[in-house]
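Visitor: I am new to this structure, and I would like a close look at a single part of it. Could you take me slowly through the places where charged side chains pair up?

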Amino acid sequence: MKSSEDKIITHLEKTYDEKFEVEIFKEGSTFFKNMYGADKMIVHPKDKPEYVFLAGEDRDHAGEYYDTYVLSKWAVELTKKFETDISTIMPEEFEYRVLLYVEDGKYDSTMKEMSVFDYFSNKNNEANVVIKMAVKK
């Protein structure tokens, strides 16, 4: 019998036709998935460690899975887009990353190759874009 981790990875590989590497696996609640969540992991595509995302078993539907791979790709695209602008306003050495939050059901795996800007223009312009910065001293 396959482990939950294997099932999530199999789901990702079938959905995106890529290989993935697990960074962290967290076992969810066996009996109270609806309250405490099901199994989940932080993962990235093999050879693309910049696309770190969350994937796991749906807490409300056994045998169904979710992931934020598309959001991760779009966040990296936004991070690169704003790199020059942000570097001009930050006086010291810093690291930053753009995080993108989109309501469930308003994006899916078929949008993997779509640009985030095409998504905003043609599909949905209701998203939260957050820039997280860390200044090094």
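Guide: A salt bridge, as the term is used here, is a side-chain nitrogen of Lys or Arg within 4 Å of a carboxyl oxygen of Asp or Glu. With that in hand, and keeping in mind that this is a predicted model, we can turn to the part you asked about, where Glu-18, Lys-48, Lys-112 and Glu-113 are linked in a network of salt bridges.

Within this network, the side chains of Lys-48 and Glu-18 meet in a salt bridge, with 3.5 Å from N to O. Lys-48 sits in the loop between strand 2 and strand 3, while Glu-18 sits in the loop between helix 1 and strand 1, so the pair ties together parts that are 30 residues apart in sequence. The two partners can also be described by their accessibility: Lys-48 counts as partly exposed because its relative accessibility is 31%, whereas Glu-18, with a relative accessible area of 14%, is buried, the cut-off for buried being under 20%.

To place the network in its setting, it helps to know that the structure holds seven salt bridges, and that the protein chain has four helices and six strands, which follow one another along the sequence in the pattern α-β-α-β-β-β-α-β-α-β.

One of the salt bridges joins Lys-19, the residue that follows Glu-18 in the numbering, to Glu-13, and here the closest N and O atoms are 3.9 Å apart. Lys-19 is exposed, with a relative accessible area of 54%, while Glu-13, at 23% relative accessibility, counts as partly exposed.

Another salt bridge is formed by Glu-126 and Lys-106, whose closest N and O atoms are 3.9 Å apart. This pair links distant parts of the chain, with Glu-126 in the loop between helix 4 and strand 6 and Lys-106 in the loop between strand 5 and helix 4, 20 residues apart. Glu-126 counts as exposed at 56% relative accessibility, and Lys-106 counts as partly exposed at 30%.

As for why such pairs arise in general, side chains of opposite charge can pair when their charged atoms come close. Returning to the part you asked about, the picture to keep is of Glu-18, Lys-48, Lys-112 and Glu-113 linked in a network of salt bridges, in which the buried Glu-18 meets the partly exposed Lys-48.

Terms used:
Residues are numbered from 1 along each chain as its sequence is written. This is a predicted model: local features need pLDDT of at least 70, side-chain atom pairs count only at pLDDT 80 or more; totals for chains, interfaces and linings use all residues. Side-chain values use heavy atoms; hydrogens and water are left out. Helices (H or I, at least four residues) and strands (E, at least two) are DSSP runs, numbered from the N terminus. Buried means under 20% relative accessible area, exposed over 50%, partly exposed in between (1.4 Å probe, protein chains only).
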